[in-house]
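Hi there,

Here is the structure I promised to pass on to you. Have a look at it first, and then read on for my notes.

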Amino acid sequence: MTTTSSATDTTPRVWIGCLACYNDGRLVGDWFDADTADEVTTYDVHGDSRADSHEELWVFDHENLPVRGELDPLTAAEWGRVYTEVGPEHWPALCAWVESGNYVTEGDTDLPSISDFEDSYQGHWESFEDYARQLADDIGLLAGVPEEIANYFDWDSWTSDLAFDCPNYDDPEGGVFVFRVL
């Protein structure tokens with residue numbers, strides 16, 4: 001198993017803008033860390049001008065979040081807190097899990113269940129075949145089988161079957177994230 005050590009900053013950030021200004025055809029806003037998006041005020045976006053008359057803020061853009069489209073600042077902050085809880089070292093794996101659509105949500109939200117992620121995540125591997133071989137060693141799959149017979153074991157079929165119980169998703173930085181179906 002390998003660990004992901006990317007020089008890429010994975011901190012979720014959101015561009016929060018004034019909805020009234022946007023509806024008037026003006027982009028007024030700024031980038032903020034997602035975990036504090038629910039603390040952003042109209043004064044943070046406007047300064048002193050118009051802050052009292054324009055009350056509604058909206059997330060018009062974001063980076064490093066495994067969701068598409070616009071969202072409200074409260075939801076963005078909840079995603080930011082998920083990032084804080086999971087940590088930057090596991091964030092790319094969690095994003096891959098969520099983007100796959102095969103993840104477990106927390107209650108009636110779209111947020112992932114961190115405990116289910118931790119139970120499901122089997123690590124980052126150079127390839128799924130590397131994971132399968134290590135798992136075979138760990139569980140003693142061929143323990144006690146004479147080498148002359150073990151040489152005929154069909155690794156490709158076993159690995160292919162294992163992929164049904166352990167989906168894996170490519171890491172854009174290289175390798176794969178492996179999960180166990182819960």
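Let me begin with Tyr43, which sits in helix H2, residues 42-46. Please keep in mind throughout that this is a predicted model. Tyr43 counts as partly exposed, because its relative accessible area is 39%. Its C-alpha lies 9.6 Å from that of His54, and the two residues are 11 apart in sequence.

Next, the salt bridges. How many salt bridges does a search of the whole structure find? The search gives 3, and here they are in turn.

- Arg13 and Asp33 meet through their side chains, with 2.7 Å from N to O. Arg13 belongs to strand S1 (residues 13-18) and Asp33 to strand S2 (residues 29-33), so this salt bridge ties together parts that are 20 residues apart in sequence. Both ends are partly exposed: Arg13 has 23% relative accessibility, and Asp33 has a relative accessible area of 33%.
- Asp38 pairs with Arg81, and their closest N and O atoms are 2.7 Å apart. Asp38 is in the loop between S2 and H2 while Arg81 is in helix H3, so the pair links parts that are 43 residues apart in sequence. Asp38 is partly exposed at 32% relative accessible area, and Arg81 is partly exposed too, at 37%.
- Asp24 forms a salt bridge with Arg26, where the closest N and O atoms are 3.8 Å apart. Is Asp24 buried or exposed? With a relative accessible area of 57%, Asp24 is exposed. Arg26, at 32% relative accessibility, counts as partly exposed.

Since you will probably look at the surface as well, here is a charged region to find. Glu126, Glu129, Asp130, Asp154, Asp156, Asp161 and Asp165 gather there in a patch of negative charge. Two helices, H6 (128-139) and H8 (155-165), each supply at least two residues of this patch. Which helix gives the most to the negative patch? That is H8, with 3 residues. One residue of the patch to pick out is Asp165, which has its place in helix H8. Asp165 counts as partly exposed because its relative accessibility is 49%, and a residue is called exposed when it is over 50%.

Helix H6 also holds Tyr131. Tyr131 is buried, with a relative accessible area of 5%. Measuring from C-alpha to C-alpha in the model, Tyr131 and Ala143 are 18 Å apart in space, and they are 12 residues apart in sequence.

Now for the aromatic side chains. The structure holds 16 aromatic pairs. One of them joins Phe153 and Trp155 in an edge-to-face arrangement, with 4.9 Å from centre to centre and 75° between the planes. The pair counts as edge-to-face because the angle between its planes is over 60 degrees. Of these two residues, Phe153 is partly exposed, with a relative accessible area of 25%. Trp155 is buried, because its relative accessible area of 18% is under the 20% limit. There is also an aromatic cluster, made up of Trp97, Tyr103, Phe117, Tyr121, Tyr169, Phe177 and Phe179.

Another buried residue is Ile114, with a relative accessible area of 8%. Ile114 lies in helix H5, residues 114-120. Its C-alpha is separated from that of Leu94 by 8.8 Å, and the two residues are 20 apart along the chain.

Finally, a point about the backbone. Most residues other than glycine have a negative phi. Asn64 is not a glycine, yet it has a positive phi of about 65°. Where does Asn64 lie? Asn64 is in the loop between strand S3 (57-63) and helix H3 (73-86). Asn64 is partly exposed, with a relative accessible area of 30%. Helix H3 came up earlier in these notes, as the home of Arg81.

Happy browsing, and do write back if you would like to go through any of this together.

Best wishes

Definitions and conventions: Residues numbered from 1 in each chain as written. Predicted model: local features only at pLDDT ≥ 70, side-chain atom pairs only at ≥ 80, totals over all residues. Heavy atoms only, no water. Patch = residues over 30% accessible without salt bridge, like charges linked within 9 Å, V, L, I, M, F, W, Y side chains within 5 Å. Areas by Shrake-Rupley, 256 points an atom, 1.4 Å probe, with all protein chains shown as cover. Salt bridge = Lys/Arg side-chain N within 4 Å of Asp/Glu carboxyl O. Lys, Arg positive; Asp, Glu negative; His and termini not counted. Charge placed at Lys NZ, Arg CZ, Asp CG, Glu CD. Helix = DSSP H or I, 4+ residues; strand = E, 2+ residues; numbered from the N terminus. Buried < 20%, exposed > 50% of the residue type's maximum accessible area, 1.4 Å probe, protein only. Phe/Tyr/Trp six-rings, centres within 6.5 Å; stacked < 30°, edge-to-face > 60°.
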